[in-house]
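Got the viewer open and a hand on the mouse? Here is a short walk through this model, one selection at a time.

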Amino acid sequence: MGGYILRRALGAIPLLLFVSIVVYGLLELSPGGPTSMYMRRGTGMSAADLAQVEASLGLNDPLYIQYSRWLGKVVQGDFGMATTSSRPVSDEILDRLPNTLYLMGVAWVVTMLIAIPIGILSAVKQYSKFDHLVTAMTFVGQSIPSFFLGLILLLVFYMRLDNPFTGGPLLPSGGVKTIGQTLTGWDMIKDRVLHLILPVTMLAATWIAWYSRFLRASMLETIHLDYIRTGRAKGLTERIVILRHAFRNAAIPLVTLMALDLPLLFTGALFAEVIFSWPGMGRLFFQAAERRDYGLLMAIIMITSFLIILANLLADIAYRLLDPRIKLR
Amino acid sequence: MRDATEAAALEPGSGLGDDARNPGPAKQSDTHSMARVYTRRFFRHRLAAAGLVVLVLVTLSAILAPYMTQDPNALSASERKAAPSLAHWFGTDEAGRDILARTLHGGRISIAVGLIATGISLLIGTLVGAVAGYFGGLVDAALMRLTDAFLCFPQLFVLIVFGTLIRTTELRVLQGNMIPIAIIIGLLSWMGLARIVRATFLALREQDYVEAARSVGAGNGRIMLRHVLPGAVGPIVVQATLLIAVTIITESGLSYLGFGVQPPTSSWGNLLEGAKPFLQTLPVYAIAPGMMIFLTVMSINFVGDGLRDALDPHSRH
């Protein structure tokens with residue numbers, strides 16, 4: 001196993017290099033490059049001053065030297081400064097990351113709590129009314145654009161429906177918590193939960209559709225295998241046959257899918273965060289794009305690509321760990 | 001492919017299918033009867049048939065939009081944010097433009113982006129997958145690493161960066177034009193197709209009939225095009241159909257964020273963006289383009305599912 005992991009990890013290095021070269025190339029393409037900040041702000045710098053700045057930043061060196069200097073810093077976690085806020089990119093990211101992990105974590109738990117029972121039930125009761133309903137719902141969930149769903153939720157639960165006790169909107173329109181109020185204890189928890197409901201619904205709706213459909217297919221494949229019949233023949237209860245024998249095996253590809261989705265925890269759901277003003281990574285990226293902060297944009301793309309490569313590796317490892325039938329090469 | 005044949009043969013109620021799919025002496029009527037079998041299987045999937053109907057209607061409304069509606073860019077100072085009426089079925093937007101007209105014209109752009117992007121993906125994906133699967137070895141390894149490399153970029157993020165570049169550089173002249181967006185989406189969406197085509201080519205190239213073709217002196221290009229590709233058409237068609245839905249959603253999302261097709265050219269996505277400030281007062285402004293995306297995507301998904309049942313029964317769940 002160790003050898004396999006090492007070999008796969010080494011195999012990822014060319015991919016990482018490729019990603020970094022593309023990202024650097026895009027940075028070079030971006031208008032103005034690193035000195036555009038000075039020019040845009042109209043600091044009244046002369047052409048000579050500008051040349052001086054360029055020289056001091058090493059912008060006259062050959063491209064490959066600039067690239068390796070940049071890569072050397074990136075490897076140490078130094079992504080430079082965000083142009084618009086003049087703060088280190090890593091600080092900007094670390095500020096936003098907890099909010100994204102929080103939103104995604106809750107959405108993920110909700111998804112699993114709903115998708116797993118639905119997936120199992122609709123496979124066990126294949127072609128029943130329940131199964132047909134689930135299939136129809138998954139088609140809807142997979143087809144509705146998440147940003148449209150977000151707008152509908154906003155329209156219904158923030159604009160149209162009122163809270164019968166206070167007369168205010170039923171649910172808040174966005175943000176992590178009510179700003180300008182210091183709540184404690186139970187009130188704080190309530191406030192937080194209310195703010196979570198809409199973005200989590202928007203995210204989970206799509207995910208539940210994908211995961212439950214996937215699990216249903218996977219369960220249907222397992223349920224007809226011989227060892228399930230054996231389980232029933234030796235008198236196990238249906239509950240144990242389904243949950244312990246069938247589901248455990250059907251869940252193996254599910255775990256792989258989860259591992260592949262891990263980068264989402266980091267990138268956040270851009271649409272949910274933008275629509276519900278959630279101060280996370282997705283919204284950070286969106287704002288950076290609006291402000292044309294290419295340094296910040298590229299740092300996030302770079303980190304996300306790394307995470308995707310890592311997630312692929314984890315998914316393969318998990319698959320092989322969980323399913324001994326797959327031989328390590 | 002032998003698997004697929006067996007699956008088709010085992011499948012209940014498709015007695016006709018066995019005959020058409022079993023490798024055997026070619027009959028004159030094969031193509032004809034196979035087409036009939038596929039059509040029958042497709043229409044047995046009722047949702048797929050319904051999806052096809054909706055899809056035809058949506059496409060017709062997009063094609064005929066210029067003849068059916070008023071000018072989508074005609075401003076009217078006296079009729080701003082008008083409620084739905086006989087003159088303006090869906091009302092008017094903040095500049096007095098007819099929302100129905102803008103929605104239907106938006107469909108022209110969104111559907112065109114979906115088709116162009118899918119076409120580009122289809123071309124690249126089939127080419128990469130076919131060459132990788134057919135030649136195998138080093139070529140395969142290199143092309144599949146390239147595919148992996150494309151897969152490790154977060155697609156939406158990269159598209160947003162391209163959108164930013166288009167908005168802020170000399171490329172600005174292109175921003176009302178959907179072609180560059182469609183091309184970029186296409187360039188970033190071919191990987192799934194490439195993998196599927198490769199897998200099919202890997203399986204098919206070992207078949208006896210390929211060997212037979214080679215033994216009578218057919219070149220690689222001819223074998224790939226005339227002998228192997230037809231066997232891969234099923235999965236390719238299914239995948240490409242579903243890809244149209246994905247690319248339409250991608251374009252809409254990108255335009256919704258403001259990095260796709262730029263106003264005043266309307267697309268379903270940028271209409272939704274324009275509608276957001278008026279969600280409270282004029283919900284139909286957002287609901288019209290949103291429902292169009294939803295209906296179109298869902299119909300395409302149904303049609304894709306039906307095509308999978310008809311053309312690619314092996315992969316059915």
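**Start with chain B**

Of the contacts in chain B with a separation of 6 or more, 69% join residues 24 or more positions apart. Bear in mind as you look around that this is a predicted model. Show chain B as a cartoon and you get 13 helices and 0 strands. Read along the sequence, the pattern is therefore just α repeated, with no strand to break it up. Of the 317 residues in chain B, 47% are buried.

**Colour by confidence**

Next, colour chain B by pLDDT. The mean is 83, and 86% of the residues in chain B reach 70 or more. Which elements of chain B have the lowest and the highest mean pLDDT? Helix α1 (residues 2–10) of chain B sits at the bottom with 38, while helix α5 (residues 99–135) of chain B tops the list at 93. Now select residues 1–27 of chain B: pLDDT is below 50 over this stretch, which has 25 contacts in the model beyond near neighbours in sequence. For the model as a whole, ipTM is 0.86 and pTM is 0.86.

**Over to the interface**

Bring chain A back into view and select the side of chain B that touches it. You should pick up 33 residues of chain B, in contact with 36 residues of chain A. Helices α6 (137–151), α7 (155–168), α11 (220–257) and α13 (283–311) of chain B each supply at least two residues of that side. Colour that side of chain B by residue class and you'll find 22 nonpolar, 9 polar and 2 charged residues.

**Zoom in on Val297(B)**

Stay with helix α13 of chain B and centre on Val297(B), which is part of that helix. Is Val297(B) buried or exposed? Val297(B) has 23 other C-beta atoms within 10 Å, so it is buried. Leaving out residues up to four places away in sequence, Val297(B) touches Ala245(B), Ile248(B) and Ile249(B), plus Ser143(A) from the other chain. Try a distance label too: the C-alpha atoms of Val297(B) and Val246(B) are 7.8 Å apart, with their positions 51 residues apart along the chain.

**Last stop: a helix pair in chain A**

Finally, select helix α5 (residues 89–124) and helix α12 (residues 281–290) of chain A. Their axes come within 8 Å and cross at roughly 140°, so α5(A) and α12(A) are oblique to each other. Show side chains where they meet: Glu92(A), Arg96(A), Leu97(A) and Thr100(A) from α5(A) against Met281(A), Gly282(A) and Leu284(A) from α12(A). By class, that contact has 3 nonpolar, 2 polar and 2 charged residues.

Technical notes:
Residues numbered from 1 in each chain as written. Chains lettered and ligands numbered in written order. Predicted model: local features only at pLDDT ≥ 70, side-chain atom pairs only at ≥ 80, totals over all residues. Contact = placed C-beta atoms within 7 Å. Helix = DSSP H or I, 4+ residues; strand = E, 2+ residues; numbered from the N terminus. Nonpolar A, V, L, I, M, F, W, Y, C, P; charged D, E, K, R; others polar. pLDDT = per-residue confidence, 0-100. Buried ≥ 20, exposed ≤ 12 C-beta atoms within 10 Å, placed from the backbone. Axes fitted to C-alpha atoms, helices over the stretch in contact; angles between N-to-C directions. Parallel < 35°, antiparallel > 145°, perpendicular 65-115°, else oblique.
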